[in-house]
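Colleague: I am new to this structure and would be grateful for a guided reading. May I put some questions once it is in view?

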Amino acid sequence: MNAEAIRETVTSFLAQFINVDVDDDEDLFASGLVNSLFAMQLVLFVEKEFAVKVENEDLDYDNFRTMNAIVGFIQRKTA
Amino acid sequence: MEFSLTPEQRRSRDLFRSFASEEIAPHADQYDRDEQMPESVIKKFAATGWLGAVVPKEHGGQGMDALTFGLLCEEIGRVSASLLSLLTVHGMVCQALLKWGTAEQRAVWLPRLASGATIGAFGLTEPDIGSDAKSVQSTAVHADGSYLITGGKKWISFGQVADLFLIIAQCEGRPSAFLVQRDTPGFASQAISGLLGFRSAMLARLILKNCRIPEENLVGRIGFGFSHVAGTALDHGRYCVAWGCLGLIEACLSACLSYTSERKQFGAPLRGHQLIQQMIADMITNSKAARLLCHHAGNMKDKGDPALIMETSTAKYFASRAAMQAASDAVQIHGANGCSSDYPVQRCFRDAKIMEIIEGSNQIQQIIIAKNGYQQLIMERRKGRQGRNDAADA
């Protein structure tokens with residue numbers, strides 16, 4: 001799956017939690033837009049939607065902090 | 001929604017029911033009075049392999065699907081909320097390691113937890129920290145290839161006997177999760193007695209004074225102890241509690257159907273009185289509704305659907321409220337008998353109250369559920385706007 005297709009899918013998921021448009025590099029956690037519950041839902045979403053396993057070594061906020069980070073993470077996991 | 005059970009799931013349920021009815025139910029009131037879960041009972045339970053219910057077979061567990069595990073929780077919850085809490089907290093440790101443990105942690109601990117050779121417990125709550133769990137005050141300091149854990153935990157189910165604790169502590173100012181063994185120097189537990197319910201769940205206060213643990217005992221990464229490790233554990237705990245509450249409702253209903261058929265007042269069995277029927281009808285209806293929610297959450301879990309967290313919260317919230325109502329009505333129906341230790345409904349009543357508090361109080365569940373409601377509204381409005389835009393473009 002290419003980056004744009006991933007981005008579209010992630011945007012659709014994020015729209016359930018964030019009622020404002022966010023920049024691709026805006027820190028979702030630091031901005032207070034999402035909470036800890038979202039963090040687990042994001043993991044489940046990535047695993048189910050892209051058929052990958054998010055594991056111990058993936059626990060790095062740099063993988064989840066922004067839209068670009070999430071897209072990049074998924075690209076690496078699906079490569 | 002799909003709610004039918006496979007023949008294999010039905011067979012498993014019958015097996016769980018038989019064990020619960022024959023091995024636990026006859027003694028559950030005594031355990032409650034003694035405020036002890038005998039070691040022999042824990043060993044007998046471990047011998048079934050069900051302490052490893054959620055652990056995959058390759059790690060020595062049963063590898064149960066979510067619905068089968070729910071049925072196990074229901075049947076154990078039907079006879080003993082205290083034993084259910086062993087299944088709950090032990091499973092929370094298993095689940096957290098399964099999801100976020102290192103390959104080595106999984107290889108070392110999961111087979112021991114699955115067999116019951118090691119009993120696990122979950123150490124999140126503290127004397128001054130309850131619902132605001134990410135603000136735990138226990139600390140972990142990295143030093144010389146180890147972590148030094150200091151702090152206190154409270155209301156830890158099976159904390160009196162567990163061998164391995166999943167402890168949430170602040171490390172570098174961020175919640176983090178660690179495995180701490182009972183025999184770690186500086187670790188101590190003190191029994192908590194005189195509780196309202198869960199009296200044989202062997203609750204304890206934990207004291208950790210400079211407990212030095214190897215750095216390999218960090219579970220997940222620094223800063224992910226609450227959001228991910230405890231989050232995974234708590235979701236599992238809520239799922240257990242929801243199904244356990246279903247069992248508790250069934251126990252109340254069964255006791256009331258039997259009692260009202262035999263007990264006579266005003267020259268007729270209680271079952272003939274319409275105000276009694278009202279309470280029975282509510283128990284039956286709530287039981288069915290709770291079952292639908294539990295099955296739905298189980299289906300979400302088996303599919304790995306992100307909605308499982310919400311659906312589990314909803315099931316836990318509804319089922320625990322329904323359990324409290326059913327237990328209260330059960331005591332009411334039994335009258336003075338229901339207040340005596342001769343009838344298990346008084347234990348159900350006390351245990352049901354705990355169900356509304358553990359693994360995230362019902363007020364926390366309400367907040368989660370309400371927020372989700374607003375998220376759904378936002379989605380609906382976006383879809384509406386998109387639909388109108390598409391129509392305008394056409």
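Modeller: Let us begin with B:Phe178, which touches B:Ala140, B:Tyr147, B:Ile149, B:Ile167, B:Ala169, B:Ile213, B:Asn217, B:Leu218 and B:Val219, leaving aside residues up to four places away in sequence. Contact here requires C-beta atoms, placed from the backbone, within 7 Å. The model is predicted: local features need pLDDT of at least 70 and side-chain atom pairs count only at pLDDT 80 or more, while totals for chains, interfaces and linings use all residues. Residues are numbered from 1 along each chain as its sequence is written, and chains are lettered from A and ligands numbered from 1 in the order in which they are written.

Colleague: Which helix gives the largest share of the largest nonpolar core?

Modeller: Such a core is a set of buried Ala, Val, Leu, Ile, Met, Phe, Trp, Tyr and Cys residues joined through C-beta atoms within 7 Å. Buried means that 20 or more other C-beta atoms lie within 10 Å of a residue's own; exposed means 12 or fewer, and partly exposed lies in between. The core has 141 residues, of which B:Phe178, B:Cys252 and B:Ala327 touch the most other members. Its largest share, 20 residues, comes from chain B, residues 225-262, helix α7.

Colleague: Why do the buried residues of α3(B) line one face of the helix?

Modeller: Helices are DSSP runs (H or I, at least four residues), numbered from the N terminus, and strands are runs of E, at least two. In α3 of chain B, residues 39-47, the buried residues are B:Val41, B:Phe45 and B:Ala46. Looking down the axis, where directions run from the axis to the C-beta atoms, they line one face because they fall within an arc of 135 degrees.

Colleague: Which residues are exposed on the other side of α3(B)?

Modeller: The buried residues of this helix have cover that includes α5 (81-100) and α6 (103-115) of chain B. On the other side, the exposed residues are B:Glu39, B:Ser40, B:Lys43 and B:Ala47.

Colleague: What pattern does chain A follow along the sequence?

Modeller: Chain A contains three helices and zero strands. Read along the sequence, its pattern is α-α-α.

Colleague: How many residues of chain B are in contact with chain A?

Modeller: On the side of chain A that touches chain B there are eight nonpolar, five polar and three charged residues. Ala, Val, Leu, Ile, Met, Phe, Trp, Tyr, Cys and Pro count as nonpolar, Asp, Glu, Lys and Arg as charged, and the others, Gly among them, as polar. The 16 residues of chain A in this interface meet chain B residues numbering 22.

Key. Contact = placed C-beta atoms within 7 Å.
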